[in-house]
Amino acid sequence: MNNKTIAIAAVVIILIAGVGAYMALGDNGEDNKSKPIALGYNGVEPTEDNVLNGTYTIQRNLVLVTKGEPTGNVKAFLDWITSEEGQNILGEEFVKLDASSMTTYAAPDEKGQTTINCGGSTSINETMSRLAEAYMAKYSYMTVTISGGGSGVGEKQTDAGVFDIGMLSRDMGSKYDGNLVPIKIGRDGVAIVANISGVTNLTGEQVAKIFSGEITNWSQVGGPDRAIGVISREDGSGTRDCFEEAMKAVDPEWELKDHYVTQQSTGGVIGMIQTTEGTIGYISIGQVAAL
Amino acid sequence: MKTDQYGLRRNRNEKDRLMRYVLIAVSSMTVLIILMIIVFTLGNSWTAISNLNLWEFLTGDSWKPSDGEYGALPLIAGTLLVTLGAMAFAVPVGLAAAVYISEIAPARMRNIIKPVCEVFSGIPSVVYGFFGLMVLLPLLRDIFPDQLLFGSSWLAGSLVLGIMALPTIISVSEDAIHAVPRSYREASLAMGATRWETISKVVVPAAVSGISAAVILGVGRAVGETMAVMMVTGNTPLMPDPLWNIFSIVSTLTGTIASQLPESVAGSVGQSSLFLLGVILMAMVLVINICSRQVVKRARMRTGECEPGTSLLGRIMGRDGTASVAKVIGDHRETAIRTFGYVLVFVFVYMMATLFTGDGLSVISGILAVAMCIGARRILGGIDSASKDNAANMLLTAIMGAVILILAVIIGYILIKGIPAISWEFITEGPSDSGRSGGIMPAIVGTLELMGGTALIAFPLGILTGIYLAEYSRDTAYTRIIREAIDLLNGTPSIVFGMFGSVLLVTYLGLGYSMVGGWITLAFMILPVIIRTTEEALRAVPQDLREASRALGASKWRTTYRVVVPAAMGGIVTGAILSIGRAAGETAPIMFTAAVLFQPTLAGSIFDSVMALPLHLYHLAMDMPGTTELQYGTACILMLIVLVFFVTASLIRNHYNKKVRW
């Protein structure tokens, strides 16, 4: 046996093993028959319209705050966000304002304040970054920075003058009434998604109990006899915050039971639900189409 | 012209001295790097240390930073349990394979398997994790439908880590077994012992410290592993309930850092607590390193006075005046060990059974298992030693076959599924639709750019330090400090390098995510490997060559540079290529410093961020459902790049081995 024979033998073994594994395992996880769907919540379908008219209750406001009435280029930027152009970007992840609340905007003044610092809620961080990017591409003399910290930090630092604009994924705390001015830029709605045949709607109480671990089998909510697998977003995720708030509105004592699988992204939740029957999770309403 | 005592011209001597200073300066870099890492990691964890109660941090059982709950116990437990599970699987299997290679297989096979092990230990961890995600999890879901709804679990994490650790454990413990003097085997065989008796009673006990070193090395790797674990454990900070529930979802220290650091806010308690996790991780690795050093020391102490056949307990207690205790225990050794073994079997089977059924049945199955063990022993006792030898032979061969099969399946499966996904467009076009479609050209180029820059920084630093250690250093305090620093650097988990880079380069120096940041971080990470392989290669050069050169009047530096280094070139180049191949597959160090998830164009300058194959694969596999084909294609390309590096390295080694003879 010389080295060449050995090398060829190794390649042959590897290929045979690969083909064998391929035939034995097939396209694992892709041939799943059941499809994930977005469930109704208290009988209401998770649609943007239902979020806007308030009948779908797992939702919250997205608010930007400024210290005093916005002026100059800060106002120009805010107007642009609530204009149709800005709202289309926001709509990729969240629920847009209704058309009547959209504004018109003017170009920012090149000689005015050309750097705008924003910060606060991490859940709208990504969308704000996208908005900032588009704005800077449109007006190259503008610089918009985005930092995180959470809604509370957004309020506090805007009040302290560190941020020009504070980003909040909830309504402004009453503590800041009179100092800060809130501007609503959109809504965040969270849809409950599951991969189980025979269940299309859950009540708030049922969802709360599934996620708190009191209900563990689909048969307890009218489905087949199958254990429920709970998927949650990571600690600190904005979608998770929104979901948890809604659950606490159902039951103030509610707490997420920790026997869930953590996914770091909406895509992760969708992927896991697609491949695994009997699972339940939640995603942003803007992403339901990706199911 | 002044001459020194050897009659050499002085100016040449001065150049020589200059080179010495340069080498000292370069080698001190390692100390500087490890000090910086310690200072930055500790410094950044200070906010957490001063704001949180350290005791509660270590013992609290809820990790929920958004609610201000910082209890790291589930994470520490997760890391330890996943490692324990991996070792429970990898150590017996790896040891059996090592025994097979060294004692049973023909000598030729050893020469093949060793480099193959090297290749497998070089496959990026994200590829192992990907295989776990795509193949292992669905398989586990099918096998345990009631226990494993998702598949993601401690069990899955341990299996993936175990498979990853196998090549290292096989390779290092095979070295240890191979190093047992031939005379031991001959003596045993001459006494009429069978091959199996010789292996189990003489060879393996004699190699036990080397084997322990292999195990500890594997443990160190497993504790610091990030990506593969993150992909299959479920990542929820959770104490398994009961503690032995291998089906439980777990989260590890490394996984928590990797998933939460990018989201955390600079200077907050939340970010600082992640650095504190990094400190804990480093402390764990440090303890493991100290253990391994003790084991190696013991092995050195005992060289030449090996007492084959002494019980493990007796060996551990050794010569420390506790010999009499060991003797007493030794007298009852057989019975004691056997009883202990039965108790272990019972406890283990009982614990596993409780995961499936009630307490009563579990106790019964535990008792049944012990009864079966006793029965099996009886039956084995009745068999003559020749058949036993045959049986053992077959068992070891079967295990070796299984190991080869597992590893071949991983490579083969990814190749078979990946190659059809690779097209010209796939490797030449940028991604579109945030990575859901299009090609992966920027990720391929990014990975190659990262490798190139890393080599540029790490090779000179590493090789010069290696030269200093091998050729210039004496056993001074300074050299000891450098060696200590290299050891520490070598043990530092890759994610800690990432954290360090994110603070120093991204934040303090304000580079943001940049290619150069990735270079520096990766270079620091592979530095100790390059230093070690260089030093080893130089030390293997016979002393005669140096003496001959000096006798001809060449200066120290000239001797090193013109004679010793060229002679050791094969080893140096191989080590360098292997380490850069490893850097190509690393994810944790670059995910906070250089690599971004989506960037359709190439980096314009070294201060731009890049895409990288391992991170791209991770992102596709975890966050982008419906991109299976792209995932296999990416995994395949990543694996091929790394394989090319390893094959090149072994070709170069072969070439030099043929050319250089003394």
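**Local geometry and packing in chains A and B**

With a relative accessible area of 45%, A:N42 is partly exposed, and this residue is found in the loop of chain A between β2 (40-41) and α2 (48-52). In the model, which is predicted, the phi angle of A:N42 is near 55°, a positive value in a residue other than glycine. A positive phi is also found in chain B, where B:N235, although not a glycine, has a value of about 60°. B:N235 lies in the loop between α10 and α11 of chain B and, with a relative accessible area of 9%, is buried, because the cut-off for a buried residue is a relative accessible area under 20%. The loop between α10 (227-232) and α11 (253-260) of chain B is also the place of B:P242, and a cis peptide bond with an omega of about -5° joins this proline to B:D241.

Strand pairing in chain A was examined next, starting from strand β3. This strand, residues 59-67 of chain A, is mostly covered, in that 8 of its 9 residues are buried. β3(A) pairs in the antiparallel sense with strand β7 (residues 180-195) of chain A over 9 bridges, and within this pairing A:R60 stands opposite A:D188 in β7(A). A pairing in the antiparallel sense, over 3 bridges, also links β3(A) to strand β6 (residues 165-168) of chain A, where A:L168 in β6(A) is the bridge partner of A:V63. In a regular strand the side chains alternate between the two faces of the sheet.

Helix α3 of chain A, residues 72-81, contains A:N73, which counts as buried because its relative accessibility is 5%, against a cut-off of under 20% for buried residues. A polar atom of the side chain of A:N73 lies 2.7 Å from the backbone oxygen of A:Q113. When residues up to four places away in sequence are not counted, the residues touched by A:N73 are A:P108, A:D109, A:G112, A:Q113, A:T114, A:I116 and A:M142. In chain B, by contrast, a polar contact is found at a residue that counts as exposed, namely B:D475, with a relative accessibility of 62%. B:D475 has its place in the loop between α19 (441-472) and α20 (477-491) of chain B, and its side chain is joined to that of B:R480 by a polar contact of 3.3 Å.

Aromatic contacts were then considered, and a search of the whole structure finds 24 aromatic pairs over all chains. One of these is formed by A:Y135 and A:Y139, whose ring centres are 5.1 Å apart and whose planes stand at 70°, so the pair is edge-to-face. Both tyrosines, A:Y135 and A:Y139, are buried, and together with A:F77, A:W80 and A:Y141 these residues form one aromatic cluster. An aromatic ring is also involved in a contact with a charge in chain B, where the charged end of B:K556 sits over the ring of B:Y472 at 5.3 Å from its centre.

The largest nonpolar core has 192 residues, of which B:Y128, B:F130, B:M231, B:L277, B:I414 and B:L450 touch the most other members. Helix α3 (residues 73-104) of chain B contributes the largest share of this core, 14 residues. A second, separate core has 48 residues, including A:I58, A:I228, A:M247 and A:Y282. Around B:L450, not counting residues up to four places away in sequence, the touching residues are B:M515, B:G518, B:W519, B:L522, B:I590, B:A594, B:V610 and B:A612.

Helix α26 (residues 613-623) of chain B is largely enclosed by the rest of the structure, because 11 of its 11 residues are buried. The buried residues of α26(B) include B:L613, B:P614, B:L615 and B:L617, and B:H616, B:H619 and B:D623 are also among them.

Finally, residues 210 places apart in the sequence, B:S423 and B:G633, are 9.0 Å apart in space, taken from C-alpha to C-alpha. The place of B:S423 is in the loop between α17 (385-418) and α18 (424-428) of chain B, and this serine is partly exposed, with a relative accessible area of 31%.

Notes:
Residues are numbered from 1 along each chain as its sequence is written. Chains are lettered from A and ligands numbered from 1 in the order in which they are written. This is a predicted model: local features need pLDDT of at least 70, side-chain atom pairs count only at pLDDT 80 or more; totals for chains, interfaces and linings use all residues. Side-chain values use heavy atoms; hydrogens and water are left out. Helices (H or I, at least four residues) and strands (E, at least two) are DSSP runs, numbered from the N terminus. Buried means under 20% relative accessible area, exposed over 50%, partly exposed in between (1.4 Å probe, protein chains only). A polar contact is a pair of N or O atoms within 3.5 Å; within protein, one must be able to donate a hydrogen and the other to accept it, and residues adjacent in sequence count only if both atoms are side-chain atoms. Contact means heavy atoms within 4.5 Å. Rings of Phe, Tyr and Trp (its six-membered ring) pair if their centres lie within 6.5 Å; planes under 30 degrees apart count as stacked, over 60 as edge-to-face and the rest as tilted. A charge sits over a ring if NZ of Lys or CZ of Arg is within 6 Å of the ring centre and within 35 degrees of the ring normal. A nonpolar core is a set of buried Ala, Val, Leu, Ile, Met, Phe, Trp, Tyr and Cys residues joined through side-chain atoms within 4.5 Å. Two strands pair if DSSP finds at least two bridges between them.
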